[in-house]
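This report describes the arrangement of the chains and the architecture of the sheet. The sequence and structure are shown first.

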2 protein chains.
Amino acid sequence: MRIAIDAMGGDYAPRETVKGAVAAADDGLEIVLVGDRQAIGRELCEIGADACHVELVQADETIPMGEPTRTAVRRRRSSIWIAADLVKRGEAEALISAGNTAAAMAIATVCVGRIPGIDRPAIATVVPTLSGQAVLLDVGANVDCSPANIAQFAVMGTVYAETVLGIKRPRVGLLSIGEEEIKGNILTRSSHSALAERGLNFCGNVEGRDIFSGDFDVVVCDGFVGNVVLKVSEGVAEMTFRAIKQEVSRSLLNRIPMFLLRGALSRLRAKMDYAEYGGAPLLGIRGVCIIAHGRSQARAIANAVRKARQTVEGDVVGKIAGSPLVAGLVGKTNGAQEVL
Amino acid sequence: MRIAIDAMGGDYAPRETVKGAVAAADDGLEIVLVGDRQAIGRELCEIGADACHVELVQADETIPMGEPTRTAVRRRRSSIWIAADLVKRGEAEALISAGNTAAAMAIATVCVGRIPGIDRPAIATVVPTLSGQAVLLDVGANVDCSPANIAQFAVMGTVYAETVLGIKRPRVGLLSIGEEEIKGNILTRSSHSALAERGLNFCGNVEGRDIFSGDFDVVVCDGFVGNVVLKVSEGVAEMTFRAIKQEVSRSLLNRIPMFLLRGALSRLRAKMDYAEYGGAPLLGIRGVCIIAHGRSQARAIANAVRKARQTVEGDVVGKIAGSPLVAGLVGKTNGAQEVL
């Protein structure tokens with residue numbers, strides 16, 4: 001299997017992307033690092049990688065974090081575009097980028113193409129719940145959505161939960177601010193009918209608190225709200241752990257029990273650290289695309305590679321495209337509502 | 001001081017509202033319980049309250065949690081309306097309701113009236129940060145907002161942070177999904193100019209993670225997003241504490257250090273439990289109105305009474321109305337954009 005990595009994308013690129021890629025490459029996996037050949041080569045030398053499973057492909061341009069999608073998507077010599085093009089041409093099975101999310105999403109969509117029936121791809125994240133895991137989408141690809149987009153996210157999330165999490169007939173919830181159908185904003189109130197008619201296991205509104213309850217397997221929302229949810233979760237978990245440390249270190253006596261618990265707490269912290277854990281697949285395009293966190297370090301990139309491999313091996317794209325739920329959407333999509 | 005409580009509002013009303021009210025009443029404070037006189041009387045008997053600081057006012061109707069605002073706001077014989085009317089007529093200094101939030105907000109607005117310059121009142125919550133506290137608003141009063149609404153929330157939040165939290169020149173952040181001005185949805189991208197022109201200390205976008213960083217004193221967003229943030233925070237904090245318990249109880253050896261830490265952890269948990277802690281003021285109306293959590297039990301109601309007292313004593317309403325920032329809005333408000 002070959003996986004293309006945008007080596008220039010992310011706050012710690014290319015050093016950490018290269019380190020992570022080398023760590024993840026093994027006998028069954030070839031990594032293609034796309035970017036400035038010299039800069040990547042320097043990093044490879046520095047870490048003393050034997051590079052037998054790593055290949056370099058030159059890209060002259062890097063899309064900065066703040067560049068608007070409209071101009072970013074035209075940069076065909078950028079590392080994101082060239083990596084996406086490898087997937088399009090069948091020279092790589094998956095694409096990973098920790099760079100400008102909006103640009104990566106737009107380029108993957110334009111270059112690799114969408115699955116028929118899907119207007120807009122969505123970024124899906126697996127979040128921990130009290131009883132297992134749930135899929136939350138969209139977490140950032142589409143900031144302003146229509147009810148039809150929300151219903152398509154629900155369909156893709158359902159297929160993902162079935163395929164990757166092994167959940168039968170996943171329970172779908174619409175993120176809103178009250179359980180009753182009339183509660184919510186214009187978008188959520190008008191999404192109910194679209195969600196009810198798709199043959200989904202739609203179970204109504206889910207409130208923010210209950211995303212983690214285990215009562216829902218798929219939670220859908222627009223990408224603005226989903227991204228806020230993801231980052232607020234990160235912030236609260238981080239604050240909780242810091243506050244535990246602060247509270248405990250007030251008294252010397254507490255330090256001993258805290259020391260004894262450090263193993264349990266760090267295991268827990270790793271579990272809560274899902275936002276950085278392995279990146280999130282961009283569902284709805286005709287290829288595997290993993291969006292990694294902008295702050296990804298080597299470990300996160302290596303996890304993203306594993307996630308990409310798992311998504312390829314599980315044939316998530318084929319299963320979404322072949323799902324009767326998605327087939328039912330073909331012809332109903334809104335051609336005018338383009339991604340750009 | 002007299003405080004009117006909607007005794008029939010909330011999941012545990014009237015039992016818990018009555019218990020909380022009785023617990024909070026003291027020599028300097030008279031509580032007016034509004035609702036079904038018989039039901040309230042029964043609760044008073046049961047807890048054996050001497051009721052010397054508690055007065056009963058009859059209301060024939062109770063607005064259910066799911067009732068739409070449009071019909072709820074016409075119910076002039078409801079406990080929320082009658083409590084609000086006491087504030088309007090100067091017979092009570094503050095109103096507290098744990099009932100239907102949208103109804104309470106609409107009735108308070110229609111019955112008590114808005115502060116000139118403010119189109120829509122907003123619910124403000126004080127959240128803990130790594131270095132202190134911040135004001136987050138709106139957390140549920142207005143699900144679909146305009147840039148002008150957002151700017152008014154920023155003005156009210158600034159006055160609240162100055163008055164109640166004692167912060168000089170509070171730093172205002174706009175909740176979005178990236179630091180750059182171009183990041184966000186239609187609402188956030190178009191709110192920048194309104195926020196920049198008000199004489200506020202506007203410091204740009206704040207991401208979900210950084211609400212708790214201590215880098216901002218006031219965080220503004222629409223009420224849908226704010227409500228989701230509030231409830232996600234609750235959910236994550238709850239899950240973290242539960243997961244700590246689970247992780248620790250896997251091994252018998254861990255139980256001893258956990259036992260030693262229980263004091264520190266429960267203090268921390270109380271700090272994180274801000275969503276239920278004392279209710280949140282509805283800013284922008286011409287009177288003090290505290291919106292308590294629908295799941296409020298006696299302790300939360302008693303805290304809401306303290307919050308109401310603090311808001312009255314701090315003259316928050318007078319200070320918002322008298323602020324040059326708000327005075328600058330008079331005449332600029334959008335009359336067509338009514339609350340209902």
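## Relation between the chains

In this predicted model, a turn of 180 degrees with a shift of 0.0 Å along the axis lays chain A on chain B, with an RMSD of 0.1 Å. This is the relation of a two-fold axis. Within chain A, Pro257(A) has the C-alpha nearest the axis, at 2.1 Å from it.

The interface follows the same pattern: 100% of the interface residues of chain A are also interface residues in chain B, so the copies meet through the same surface.

## The sheet of chain B

Chain B contains an open sheet of eleven strands with mixed pairing, in the order β3-β2-β1-β4-β11-β10-β5-β6-β9-β7-β8. The edges are formed by β3 (54–58) and β8 (202–207) of chain B; each has a single partner strand, so one side of each is left without a neighbour in the sheet. On average, neighbouring strands of this sheet are turned by 30 degrees against each other, direction ignored.

One of the pairings joins β5 (residues 122–128) and β10 (residues 280–283) of chain B, which run in the antiparallel sense and share two bridges. Here Leu282(B), in β10(B), is the bridge partner of Ile123(B).

## Helices on the sheet

Helix α1 (residues 15–24) of chain B packs on the sheet, where it touches β1 (2–6), β2 (30–35) and β3 of chain B. The direction of helix α1 of chain B makes about 170 degrees with that of β2(B).

Helix α11 (residues 298–313) of chain B lies across β1, β2, β4 (94–97), β5, β10 and β11 (288–291) of chain B. Relative to β11(B), helix α11 of chain B runs at about 155 degrees.

Methods: Residues numbered from 1 in each chain as written. Chains lettered and ligands numbered in written order. Predicted model: local features only at pLDDT ≥ 70, side-chain atom pairs only at ≥ 80, totals over all residues. Heavy atoms only, no water. Pairing = 2+ DSSP bridges. Helix = DSSP H or I, 4+ residues; strand = E, 2+ residues; numbered from the N terminus. Axes fitted to C-alpha atoms, helices over the stretch in contact; angles between N-to-C directions. Contact = heavy atoms within 4.5 Å. Least-squares fit on C-alpha atoms with pLDDT ≥ 70 in both.
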